[in-house]
Amino acid sequence: MTILNRFSGSGALGRHLKPAHAKPLTAAGGVLAVVAALLPWVTFLLGDGAYPAKATLQFFDAPFAVEGYRLHVLLLGLAALVVTFVAKTPGRGRVLRALGWGVFAISLISAVFITGRGGGLGAITAADGVTAFGSIVGVVAGLLIVLGAKAGHLDDIPEWSTDLPRWAAYLALVVAFVGVLYLVASMLTAGGTGGASNPYAGPIFLAFLGMAGGLLGALNGLGVVRWISALSEKHRAFSIVVLLVCALALPLTSAGNEYWMTVATTIGVYAATAIGLNIVVGLAGLLDLGYVAFMGIGAFVAANLSGAAAAKVGIDLPFPLAALLAAAIAGVIGAIVGSPTLRVRGDYLAIVTLAFGEIFTKSAQNNIGGLTGGSNAIPGIPNVEVAGTAFNEPITVLGADLPGGVLYYFMIVLVVGAIMAVFANLKNSRIGRAWIAIREDEDAARAMGIKTGKAKILAFLAGATLAGLAGAIFAHKLSTSSYESFKFLESVTLLAAVILGGMGTIPGAVLGASLLFVLPEKLREFDEYRLLVFGLALILIMRFRPQGLMPDRVRRAELAGETAGGKSIEEEEELVVEHEHEAPGPKGGKA
Amino acid sequence: MSITDNMAAAPAPPVLQAQGVTMVFGGLTALNNVSLSLGKGEIVGLIGPNGAGKTTFFNCLTGLYLPSRGRVLLDGSQLAADPSKVTIAGVARTFQNIRLFPNMTVLENVMVGRHSRMRQDPISTLLRLPAFHRGERAARERSRELLEFVGLTRAEHEVARNLPYGDQRRLEIARALATDPKVLLLDEPTAGMNPQETEATRQLIFAIRDTGVSVVVIEHDIKFIFGLCDKVSVLVQGELLVEGTPEVVRADPRVVEAYLGKPPEEVEADVRAASTEHDTRGEA
């Protein structure tokens with residue numbers, strides 16, 4: 001614990017720093033970050049070719065050709081210098097802290113990767129007469145900036161007025177959402193396809209996450225994130241339209257090829273499922289460890305109604321009808337499974353749902369009733385077709401050539417949009433309040449006249465229906481439906497997506513699902529380590545951001561102990577301590 | 001103490017009636033043949049030493065327990081042993097240890113109380129049809145009225161857990177009132193309050209009574225009970241010892257004796273001291 005505190009700079013070390021140290025520290029950190037970006041990072045030529053952006057003395061070979069992660073370090077460093085000396089923005093401490101963590105993360109990831117590849121610390125220090133201290137300087141630079149930010153005053157996140165003329169608000173929203181689109185496209189493609197052909201995909205992607213995190217943290221510190229979300233709240237309809245258009249425009253960006261469309265579609269399917277799970281776990285507070293089974297039920301129902309040769313039920317229904325049936329059947333089974341769990345709470349409920357998940361997987365594996373194809377799965381599910389166009393074919397819209405699979409992507413975007421609307425409309429309604437009340441205090445909820453049994457079954461039903469719908473799309477997209485896709489690990493990953501993103505929020509579930517299902521793709525090259533890295537990342541995130549990446553207003557208050565001003569309780573305490581030091585009195589004791 | 005006018009009013013037919021309620025846990029008889037009758041607009045107090053069975057009796061009234069013998073009637077029809085059905089029938093309650101929905105806002109807490117008094121069908125909820133908005137608006141307006149009634153309008157958008165203690169108690173009352181009860185059961189509404197807050201609570205309970213709601217109060221603070229209630233019932237070791245107006249109960253030697261055989265002034269001090277232990281120990 002103390003090590004972690006020290007690590008995060010908020011413990012003893014942070015307290016020894018005085019505000020006077022802030023500027024020199026951040027300035028030194030900024031300069032070092034810039035220097036680090038220009039230094040060589042590797043002492044040898046990596047076996048698989050140079051590490052991206054030729055992490056050697058390239059700047060001197062080709063001036064101004066700093067690219068990739070080194071460009072990011074350079075930009076973050078420059079931003080830290082600008083914020084320190086030129087633009088003394090409100091919320092400066094938070095901006096600097098985020099920038100510092102960004103520099104630190106990028107440098108550390110590269111350092112670890114290069115060290116691992118080079119077989120020792122020689123790879124990032126000096127070996128055979130070649131020196132390469134880039135990553136170490138970068139790590140130090142990041143830490144200095146963070147410490148400097150902590151030494152200074154961490155002021156409140158500023159609130160910007162949302163009283164803008166309509167056109168200005170619309171412009172800001174369009175710029176913001178196009179920015180998000182650009183970020184999503186870059187993040188999808190960062191490092192390229194994982195796997196043997198591209199051993200650098202993992203570290204580049206992780207380093208990009210460091211950059212994105214630093215950038216978003218800085219924007220949050222500036223109050224921009226809050227401002228945009230307040231604006232979009234105010235102009236809700238407009239925001240939804242722009243967001244939808246941006247999502248549909250993804251195939252036009254750098255992510256516009258068949259591979260990324262497939263990845264994006266898969267993410268969409270899991271995001272839809274995660275939102276469904278969010279009803280059960282995030283709103284009603286029912287811990288469900290067998291949730292992916294409902295997605296499986298949807299997939300197998302759709303497979304059986306698709307006219308696939310291997311399916312036992314040889315009925316060939318049009319896709320929309322089959323998808324609706326799949327959703328309905330999953331929902332009914334959800335309600336049936338939910339009813340015996342009404343008498344159990346908490347841990348016991350988790351065990352019961354876990355058992356249900358296992359029953360489903362084992363039944364599917366053993367081909368119960370011949371409906372699941374057992375270990376052969378149900379292959380050959382035909383593609384969805386509309387007007388003679390199969391959904392996996394490339395299409396041309398208004399002269400723009402779109403890659404194959406784009407129609408599946410469009411479909412999942414619309415479905416996720418619809419599911420978001422369902423979630424939001426349920427959350428802010430009579431039944432949504434009842435769910436949250438049950439989560440908060442079941443006995444008190446009953447005393448308020450809520451029939452808790454009925455409400456819980458409704459939560460299971462709603463969640464399972466959405467999962468079933470997602471499963472139907474999943475089966476058609478993959479063109480096969482196998483029990484292997486619906487194992488316990490998937491349930492856990494979905495649950496992790498919901499908790500990681502932030503319980504009870506829509507963007508949280510989508511972000512969580514994206515991260516958790518993209519990471520394994522990108523870390524393919526580290527097959528033996530990827531679950532390790534994955535687990536480690538989860539632990540770190542939960543330690544430093546227990547409320548999730550995009551928390552609910554109240555979740556934030558509960559888990560991060562934040563006060564109304566958006567400060568953490570720790571920070572408030574530090575402030576109090578500072579004031580006690582300033583005011584000499586009976587309380588002002590030892591340092 | 002000037003509630004004699006009220007007592008003089010013609011007795012209304014009982015709203016809530018407990019008839020011979022007996023509750024046996026294993027071999028322990030927690031309640032033995034306890035009866036209670038509550039008229040419209042009446043305030044009845046329930047007092048007794050620790051472990052006398054007050055909370056058990058409360059739980060029988062609110063449907064948490066099904067009495068082993070005897071029955072509880074609301075307007076002449078028997079109440080089900082299911083807290084949600086009891087609430088829907090018109091008996092609302094607060095809790096001894098405040099049990100709000102801590103992470104919901106003040107307004108949302110009260111709106112949860114409206115749950116059983118509003119209808120929303122799934123179609124209009126999902127599609128946000130006009131019927132949905134009408135229902136929500138009505139629930140929100142009624143909830144705001146209640147918040148104004150208990151004096152929490154300013155805190156409408158605060159998260160419930162951040163409210164000061166006294167405000168949390170008042171919010172619990174507003175939430176209970178949102179279920180449109182005929183009878184309101186208050187479980188130690190002034191526990192942990194200072195004298196000013198206690199007096200404000202007393203005025204609030206009178207105001208509730210004036211809207212036609214009947215009130216049952218469990219309390220340790222005897223002075224508070226005597227200054228508030230039209231009738232007082234004293235429970236001792238699971239049995240109803242005395243029942244009557246505050247004057248009658250106060251004068252009854254058995255009550256004095258039950259409270260350690262001391263005159264009322266000292267009894268009061270004793271009971272106050274005991275009530276601080278009460279939370280940690282709980283009751284049978």
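This dialogue walks through a predicted model, from the whole of chain A down to single side chains.

Reader: Where do I start with chain A? What does it hold in helices and strands?

Author: Start with the secondary structure. Chain A has 24 helices and six strands. Then turn to burial. Of its 591 residues, 51% count as buried.

Reader: How do I read the contacts in chain A? What share comes from residues 24 or more positions apart?

Author: Set the sequence separation against the contact list. Among contacts in chain A with a separation of 6 or more, 75% are between residues 24 or more positions apart.

Reader: And the surface of chain A? What part of it belongs to carbon and sulfur atoms?

Author: The accessible surface of chain A is about 25,900 Å². Carbon and sulfur atoms hold 67% of that.

Reader: Now patches. Which residues make the nonpolar surface patch?

Author: A:Leu215, A:Leu216, A:Leu219 and A:Val225 make it, with an area of about 290 Å². Helix 9 of chain A, residues 201-221, gives the largest share, three residues.

Reader: Why can residues three or four places apart point the same way?

Author: An α-helix has 3.6 residues a turn, so residues at that spacing point the same way. Now take one member of the patch. A:Leu219 sits in helix 9 of chain A. Its relative accessible area is 31%, so A:Leu219 is partly exposed.

Reader: Which residues form the positive surface patch?

Author: Both chains contribute to this one. A:Lys451 and A:Lys454 join B:Lys85 and B:Arg119. Locate B:Lys85 in helix 3 of chain B, residues 83-89. B:Lys85 is partly exposed, at 46% relative accessible area.

Reader: Next, salt bridges. How many are there over all chains?

Author: The count is 19 over all chains. For each one, check the N to O distance, then the place of each partner, then the burial. Try B:Asp75 and B:Lys182. Their closest N and O atoms are 3.2 Å apart. This pair links distant parts of the chain, 107 residues apart. B:Asp75 is in the loop between strand 4 (69-74) and strand 5 (77-78) of chain B. B:Lys182 is in the loop between helix 7 (165-177) and strand 7 (183-187) of chain B.

Reader: Are B:Asp75 and B:Lys182 buried or exposed?

Author: Neither label fits. B:Asp75 is partly exposed, at 47% relative accessible area. B:Lys182 is partly exposed too, at 38%.

Reader: What does the salt bridge of B:Asp187 and B:Arg93 tie together?

Author: The N to O distance for this pair is 3.8 Å. B:Asp187 lies in strand 7 of chain B and B:Arg93 in strand 6 (residues 91-93), so the bridge ties parts 94 residues apart in sequence. Now the burial. B:Asp187 counts as buried, at 2% relative accessibility. B:Arg93 is buried as well, at 7% relative accessible area.

Reader: What about bridges that share partners? Which residues do they join into one network?

Author: Begin with one pair. B:Asp180 forms a salt bridge with B:Arg142, with the closest N and O atoms 3.7 Å apart. B:Asp180 is in the loop between helix 7 and strand 7 of chain B, and B:Arg142 is in helix 6 (residues 130-150), 38 residues apart. B:Asp180 is partly exposed at 32% relative accessibility. B:Arg142 is partly exposed at 28%. Through shared partners, salt bridges join B:Arg114, B:Arg142, B:Glu145 and B:Asp180 into one network.

Reader: How do I read burial along a helix? How many residues of helix 2 of chain B are buried?

Author: Go residue by residue. In helix 2 of chain B, residues 54-61, eight of eight are buried. Among them are B:Lys54, B:Phe57, B:Phe58 and B:Cys60. After the helix comes B:Gly63, with a positive phi near 85 degrees.

Reader: Last, a single side chain. Which residues is A:Leu538 in contact with, leaving aside its neighbours within four places in sequence?

Author: A:Ala496, A:Leu500 and A:Leu516. Then compare sequence with space. A:Leu538 and A:Leu500 are 38 residues apart in sequence, yet 7.6 Å apart from C-alpha to C-alpha. A:Leu538 belongs to helix 22 of chain A, residues 527-544. A:Leu538 counts as partly exposed, at 23% relative accessibility.

Note on methods
Residues numbered from 1 in each chain as written. Chains lettered and ligands numbered in written order. Predicted model: local features only at pLDDT ≥ 70, side-chain atom pairs only at ≥ 80, totals over all residues. Heavy atoms only, no water. Patch = residues over 30% accessible without salt bridge, like charges linked within 9 Å, V, L, I, M, F, W, Y side chains within 5 Å. Areas by Shrake-Rupley, 256 points an atom, 1.4 Å probe, with all protein chains shown as cover. Salt bridge = Lys/Arg side-chain N within 4 Å of Asp/Glu carboxyl O. Lys, Arg positive; Asp, Glu negative; His and termini not counted. Charge placed at Lys NZ, Arg CZ, Asp CG, Glu CD. Helix = DSSP H or I, 4+ residues; strand = E, 2+ residues; numbered from the N terminus. Buried < 20%, exposed > 50% of the residue type's maximum accessible area, 1.4 Å probe, protein only. Contact = heavy atoms within 4.5 Å.
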